[in-house]
Structures are given as structure tokens and as C-alpha cells.
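Please walk me through this structure in connected prose, going from one local arrangement to the next and then to the chains as wholes.

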Amino acid sequence: MFDFTVVTNWIDALLLSFLPGWAATLVECVLVALAIITLYAVFAIILIYMERKICAFFQCRLGPNRVGKWGSIQVLADVLKMLTKEIIDMKNVDRLLHKMAPFLVIVASMLTFACLPWNKGAEVLDFNIGIFFFLAAGSIGVVGILLAGWSSNNKYALIGAMRSGAQIISYEVSIGLVMLTMIVLTGTMSFSEICQQQADLGWNIFRGHVPAVLAFIIYLIAGNAECNRGPFDMPEAESELTAGYHVEYSGMHFGFYYLAEYLNLFICAGIASTIFLGGWAPFHVPGLDGFNHVMDYIPGAVWMVGKTFFVVFLLMWIRWTFPRLRIDQLLALEWKYLMPMSLVLLVLMAICVSLGLTL
Amino acid sequence: MSNNNYFSGLFSGIKSLLVGLGVTMKEFFTRKITEQYPENRKELKMFDRFRGRLVMPHNENNEHKCIGCGLCQMACPNGSITVTTEMLDTEDGKKKRSLVKYEYDLGCCMFCELCITACPQGAIEFCTDFENAVFDRSKLVQQLNKPGSKAVEKKPVPKPAAPAAKPAAPAAQPAPKATEVAAPAEKKESNPETPTTV
């Protein structure tokens with residue numbers, strides 16, 4: 001497996017050869033930030049195109065196919081439109097909070113985006129409490145959404161924000177418990193170590209068999225709710241709340257919410273593929289050495305992105321199948337079903353691990 | 001409220017969710033229904049029940065089935081049909097209504113199909129053409145019977161059946177009845193000469 005630290009070490013040595021230590025670190029930070037922002041934008045464009053196409057296919061349509069071959073540059077045109085739109089200043093809003101909210105959302109989204117392990121040795125934010133940091137950084141987004149609803153001085157935005165707050169905080173319980181279940185299995189919170197372990201021992205979803213598969217399903221449901229996506233799109237429920245918390249935003253400020261929504265979907269899927277499907281770890285069948293050797297030739301980044309897009313497809317499938325839940329149904333699903341189930345799973349996984357029943 | 005309800009509700013819920021997922025996954029792979037119109041103009045075929053515009057089918061002898069009864073004109077809520085008829089003398093000395101001009105204004109047609117339902121002869125129908133745009137409103141008024149066309153020749157109505165025609169009703173209504181009654185008696189005699197109609 002190709003180790004990306006070769007590249008990073010080479011760049012580090014190159015910069016240190018003609019720059020003092022602090023300047024080299026600074027340049028590296030800027031380079032990494034540029035890379036992350038570029039990836040962020042590129043994946044957003046891919047995801048929006050994918051969503052439109054997949055949604056269309058589920059509804060027996062063709063989707064965008066006029067701008068460019070198969071509508072491939074439709075999203076670029078949309079982005080251009082969004083960039084050139086005016087950002088309208090409203091009269092009775094809380095100026096500071098109103099302008100700050102989209103940035104909070106996008107910052108939270110980018111911080112969590114940086115947690116994803118792209119390849120062996122290509123993690124941006126990686127420390128021993130990686131999953132904990134991921135959950136903490138992800139919660140900043142809720143603040144952004146609540147602030148947006150509050151500062152807009154608009155009934156619908158406020159209702160949407162409150163719903164979103166209730167929803168995200170509730171579902172974070174499940175997400176946390178499910179992640180805890182997997183931490184019981186892996187014994188580490190660091191994303192790089194989780195991936196390395198899965199490369200050596202096999203994917204977690206196979207190692208943890210029954211509890212891991214159930215945890216994966218619960219994670220998909222709760223993750224979909226975390227991203228405010230249908231069938232859990234209560235906060236924006238366009239038929240009843242017009243657009244929910246971002247109803248008063250225009251131009252690129254709205255664009256940030258839009259971007260963050262899709263990237264949160266990607267991050268949610270990326271974390272699912274990291275802790276359940278092995279991250280950059282290639283698919284190995286024990287005993288089939290030739291097959292395993294061929295799989296090793298596929299770069300880790302391809303595995304990672306491929307798995308992530310597979311999970312994104314699953315999430316879109318869910319989204320375009322089910323009708324929206326009512327707020328009480330939504331909370332009942334979490335507190336009466338998902339949370340007890342994930343607690344049971346946690347115990348089950350602990351029993352499995354302590355009795356050595358994992359593979 | 002019992003534990004049974006909780007678990008049966010949970011499992012039946014999961015089952016119905018899976019059914020839903022199965023339906024959408026099947027839909028994902030079915031042929032897409034979208035027609036990409038300007039590109040597939042050559043091969044695009046509208047479904048049979050599409051109501052494009054009204055036409056009066058003519059057979060190869062330039063004959064149509066319209067008997068000029070005017071029921072369609074009366075049925076039309078928008079007045080988009082105008083039937084002009086004349087009375088002709090048949091060889092056995094009776095008067096018979098005959099179609100001169102069948103005018104149809106596409107511009108005020110609302111495609112309700114009431115005219116087709118009203119027609120006792122099945123003489124008019126909607127075709128599936130949909131490119132109906134023209135540059136001048138007057139072009140929307142179309143004459144449906146082709147020039148020089150005439151109604152399909154009926155087999156001569158035999159004497160006993162003739163009184164069945166109610167004098168009050170417009171000529172058309174009793175017509176199908178008459179043919180029905182006539183048909184069995186008629187067939188043996190005139191089969192070799194005339195092909196059966198309607």
C-alpha cells in the first residue's frame with residue numbers, strides 16, 4: 001500500500017531546505033488548507049450533480065441533460081449563478097449573527113471534512129481522540145443553524161431552527177452511541193489507526209458481524225437525520241416552512257448552507273466508510289492471496305472515495321424513497337427506537353469483544 | 001400499550017420501509033419515461049389516447065363516415081365545430097342529409113372529447129399529432145372532410161326498418177338502430193356485392 005507520508009515528507013524537506021522552520025509550517029498549512037478547500041468545492045459539485053441525476057432516476061426521469069454532455073456542467077452554471085447573486089441586507093435582522101451564521105456552518109463542515117482519512121498517511125487532522133473531535137466539531141454546525149434561525153427575525157426560520165436543533169441534538173445521541181460501539185471493537189479513536197487496523201484485520205463491518213451491521217444501519221439513519229436530509233428534512237420542510245432556517249439568506253450566504261448540506265452528506269458517508277467499511281483499506285478475502293494482491297494495487301484514495309460514494313448512494317436512495325416525518329414521529333423514532341437499540345448494540349458489542357467473538 | 005405492540009410495530013415498520021426501498025430501486029433501473037422531444041422528433045410516437053387534434057378518417061375511396069347529424073356541434077361546449085349540410089334526393093325519391101363542410105376550430109377546442117363521445121357513427125377521432133402551432137389564427141380553423149369526399153354508402157335500408165326512424169330526432173340517431181335491425185336480413189342477399197360497413 002502506498003504511504004502518502006513519502007510525499008508529505010518530501011515537501012517538508014524541500015521547504016525546510018530554504019525556509020526557517022516556522023515559515024515552512026506556515027506554507028504547509030496554507031497548502032493543506034488550499035487542498036481541502038479545493039476538494040470541498042469539487043466534491044460539492046460532484047455531489048450536487050449526483051443528487052440531481054439519482055433523484056431523477058428514482059423518479060423515472062433523466063435529470064439535467066442540456067448543459068454540456070449529460071448535463072455535466074449544469075452544476076457549474078448553477079454555481080456561477082449563485083456567485084453572482086446579490087446578498088440582500090434585511091432591515092430588522094441581527095446583523096452580526098445573521099452574517100456570522102453561514103460561516104459557522106461552513107467552518108464546522110470543513111473541520112469535520114478535514115478529519116477524513118484519504119489515504120495511508122494522508123490524514124489532515126489526526127490525533128488519538130479523532131472521533132471525539134469529529135463529534136465536537138460537527139456540533140458547531142448546530143450553533144450556526146440556530147443562530148441563522150434566531151437572527152433572521154422570521155417565524156419560519158425560527159421554527160425551522162428549533163426543529164433542527166431538536167433533531168440534530170437528538171440524533172447525535174445515536175451517532176455517539178454507535179461510534180462508541182465501534183470504538184469498543186477497534187479500541188482506538190484515531191482515524192488513522194482505525195483504518196490501519198482494518199487494513200490488517202479486515203473491515204469492521206465483517207469483524208463485528210451482527211452488531212456492526214446493525215450499527216451501520218442505525219448510523220445511516222441517524223446520519224441522514226444529522227445532515228437534515230429527507231425523510232428527516234423537517235427543518236427546511238419547504239411545503240410548510242418555505243425553506244426553514246435559511247429562508248432569509250440569499251446569494252452566496254445561502255450557497256454556504258447549500259454547500260454545507262451536501263458536504264455534510266459526504267462527510268457522514270465518509271465517516272461511515274471509515275469506521276465500518278475500512279476507509280482506505282482495500283477489500284481482502286482471507287486465503288485468496290492473488291485477489292488480495294490485485295486489490296492492493298488500487299490506491300487507497302480510490303477505495304476511500306469509492307466507498308464514500310457508495311454510502312452516499314445509499315443515503316440518496318433513502319432520501320428519495322421515503323416521505324417526510326412529522327416532528328413528533330421524528331423524535332419518537334430517535335428516543336423510542338434508535339437510542340435503545342444502539343444502547344443494546346453497545347452492550348452486545350462489548351460482550352462480543354470481551355468473549356472474543358469478533359473475527 | 002404493551003411490549004408486543006412495540007416490537008410488532010417496529011418489525012412491520014421495517015418491513016414496509018424495505019418494500020418502499022425495493023420499489024424505488026426497481027424504478028431506478030426501469031426505462032426512463034422522458035421524451036427528448038426535438039431530438040427524437042422522427043421516432044417520437046405519442047401514446048394512443050393522446051388528444052392532439054380532431055380528425056375525420058377517410059378510407060381509400062375518399063369516403064368518411066359522417067352523416068351530418070350535427071350532434072358533435074351540439075355537444076361542443078366551446079362551439080368549435082360547425083357542420084354544414086345539404087339535403088339531397090336519393091334515387092328512391094327520399095331526402096337525405098349529406099355533409100358539405102365540417103369546420104373545426106383548433107384554437108378554441110379544449111380537447112374534452114365530448115364530440116367524439118356524441119358521434120353515433122364513430123366518424124371523428126383525435127389523432128396524436130401535437131405540433132399544432134401556426135403563425136396565423138385563421139390557420140387553426142380546419143376543414144376536416146377532404147375535398148370531393150362523400151359519406152360511406154350505406155346498404156339500402158329495407159322497407160320494414162324504415163318507419164323506425166323517428167321524424168323528430170335529427171336524422172342520425174336512429175341510423176345505427178336501423179342498420180342493426182337491417183343487418184341480419186340484409187346479409188344473405190347483398191353479401192357478394194357490397195362489403196359490410198359499420
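In this predicted model, β3(B) and β4(B) form a hairpin in which 5 residues lie between the two strands, and Gly93(B), which sits in the turn, has a positive phi of about 85°. The two arms of the hairpin, β3 with residues 81-89 of chain B and β4 with residues 95-105 of chain B, pair in the antiparallel sense over 9 bridges. Two positions along this ladder can be picked out by eye: Glu86(B) stands opposite Ser98(B) of β4(B), and Thr84(B) has Lys101(B), also in β4(B), as its bridge partner.

The hairpin belongs to an open sheet of 3 strands in chain B, with antiparallel pairing and the order β3-β4-β6. Within that sheet, β3 and β6 (141-143) of chain B each have a single partner strand and stand at the edges, so one side of each is left without a neighbour in the sheet. From one strand to the next, the twist averages 25°.

Stepping back to chain B as a whole, one finds 4 helices and 7 strands, which follow one another along the sequence in the pattern α-β-β-α-β-β-α-β-β-β-α. Of the 198 residues of chain B, 13% count as buried. When the contacts in chain B between residues at least 6 apart in sequence are considered, 72% of them join residues at least 24 apart.

Chain A offers two helix pairs that are worth following in turn. In one of them, helix α1 (residues 5-18) of chain A and helix α2 (residues 21-58) of chain A have axes that come within 9 Å and cross at roughly 135°. An angle over 145 degrees would count as roughly antiparallel, and α1(A) and α2(A) are therefore oblique to each other; their crossing is right-handed. On the side of α1(A) the contact is made by Asp12(A), Leu15(A) and Leu16(A), which meet Gly21(A), Ala24(A), Val27(A) and Glu28(A) of α2(A). By class, this contact of α1(A) with α2(A) has 4 nonpolar, 1 polar and 2 charged residues.

The other pair consists of helix α4 (residues 95-113) of chain A and helix α5 (residues 130-151) of chain A, which pack at an angle of about 160° with their axes 8 Å apart. Because angles over 145 degrees count as roughly antiparallel, this description applies to α4(A) and α5(A), and the crossing of these two helices is left-handed. Among the residues that make the contact are Leu97(A), Met100(A), Leu104(A), Val107(A) and Leu111(A) from α4(A), together with Phe134(A), Ile140(A), Val143(A), Leu147(A) and Trp150(A) from α5(A); the contact also includes His98(A), Ser109(A) and Thr112(A) of α4(A), as well as Gly138(A), Gly141(A), Gly144(A) and Ser151(A) of α5(A). Divided by class, the residues of the contact of α4(A) with α5(A) come to 17 nonpolar, 7 polar and no charged.

What, finally, does each chain bring to the contact between chain A and chain B? The contact takes 10 residues from chain A and 10 residues from chain B, and on the side of chain A that touches chain B these residues divide into 8 nonpolar, 1 polar and 1 charged.

How values were computed:
Residues numbered from 1 in each chain as written. Chains lettered and ligands numbered in written order. Predicted model: local features only at pLDDT ≥ 70, side-chain atom pairs only at ≥ 80, totals over all residues. Pairing = 2+ DSSP bridges. Axes fitted to C-alpha atoms, helices over the stretch in contact; angles between N-to-C directions. Parallel < 35°, antiparallel > 145°, perpendicular 65-115°, else oblique. Left-handed = near helix turned anticlockwise from the far one by under 90°. Contact = placed C-beta atoms within 7 Å. Nonpolar A, V, L, I, M, F, W, Y, C, P; charged D, E, K, R; others polar. Buried ≥ 20, exposed ≤ 12 C-beta atoms within 10 Å, placed from the backbone.
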